[in-house]
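Today I wanted to look up charged side-chain pairs. Here are my notes, with the structure alongside.

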Amino acid sequence: MHELSITRNIVAIASDAAKGRRVRTVTLEVGALSGVMPDAIAFCFGVVSAETPIAGALLDIRKIDGRGRCRACGSEFAAAALYAPCPCGSREVDLIRGEELNIKSLELEEAA
Ligand SMILES: [Zn+2]
């Protein structure tokens, strides 16, 4: 399962970044066209994060819709799929949003 290894990466990066502090929330951006299923990440996160420094942290997934810009007519449009053509019919499209898979932020507990 693809999402399991992605989740392991996310947990490892977040654990490193926390440097021993407790993590309350991990905010993740997942593009609709990234090929990653947010529900599967959410499912794996609880399992993978157990017994790591970020056990108990909440995972906040922000989904990002796909967006393309047409090279032929210059318009921007909602891209429901990779390689979705522009409404004008052109397939000369640059994807400008929707492939993200980023840890956007970590909310840490204040040091006592
Ligand atoms: Zn166009």
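I began with Arg67 and Glu76, whose side chains form a salt bridge with N and O 3.3 Å apart. This is a predicted model, so I read the distances as computed values.

Are these two partners buried or exposed? Arg67 has 26% relative accessibility, so I noted Arg67 as partly exposed. Glu76 comes out at 38%, so Glu76 is partly exposed too.

Next I turned to Arg71. I found a salt bridge from Arg71 to Glu92, with 3.7 Å between the closest N and O atoms. This pair links distant parts of the chain, 21 residues apart. Arg71 sits in the loop between β3 (67–70) and β4 (76–78), while Glu92 lies in the loop between β4 and β5 (93–97). I put Arg71 down as exposed because its relative accessibility is 55%, and the cut-off for exposed is over 50%. Glu92, at 45%, is therefore partly exposed.

Which other acidic side chain does Arg71 meet in a salt bridge? I found Asp94, at 2.7 Å from N to O. Here too the pair links distant parts of the chain, from the loop between β3 and β4 to Asp94 in strand β5, 23 residues apart. Asp94 has 32% relative accessibility, so I entered Asp94 as partly exposed.

I also noted a network: salt bridges with shared partners join Arg22, Arg24, Glu107 and Glu109.

Last, I looked up the total. How many salt bridges does a search of the whole structure find? The search gives eight.

Key:
Residues are numbered from 1 along each chain as its sequence is written. This is a predicted model: local features need pLDDT of at least 70, side-chain atom pairs count only at pLDDT 80 or more; totals for chains, interfaces and linings use all residues. Side-chain values use heavy atoms; hydrogens and water are left out. A salt bridge is a side-chain nitrogen of Lys or Arg within 4 Å of a carboxyl oxygen of Asp or Glu. Buried means under 20% relative accessible area, exposed over 50%, partly exposed in between (1.4 Å probe, protein chains only). Helices (H or I, at least four residues) and strands (E, at least two) are DSSP runs, numbered from the N terminus.
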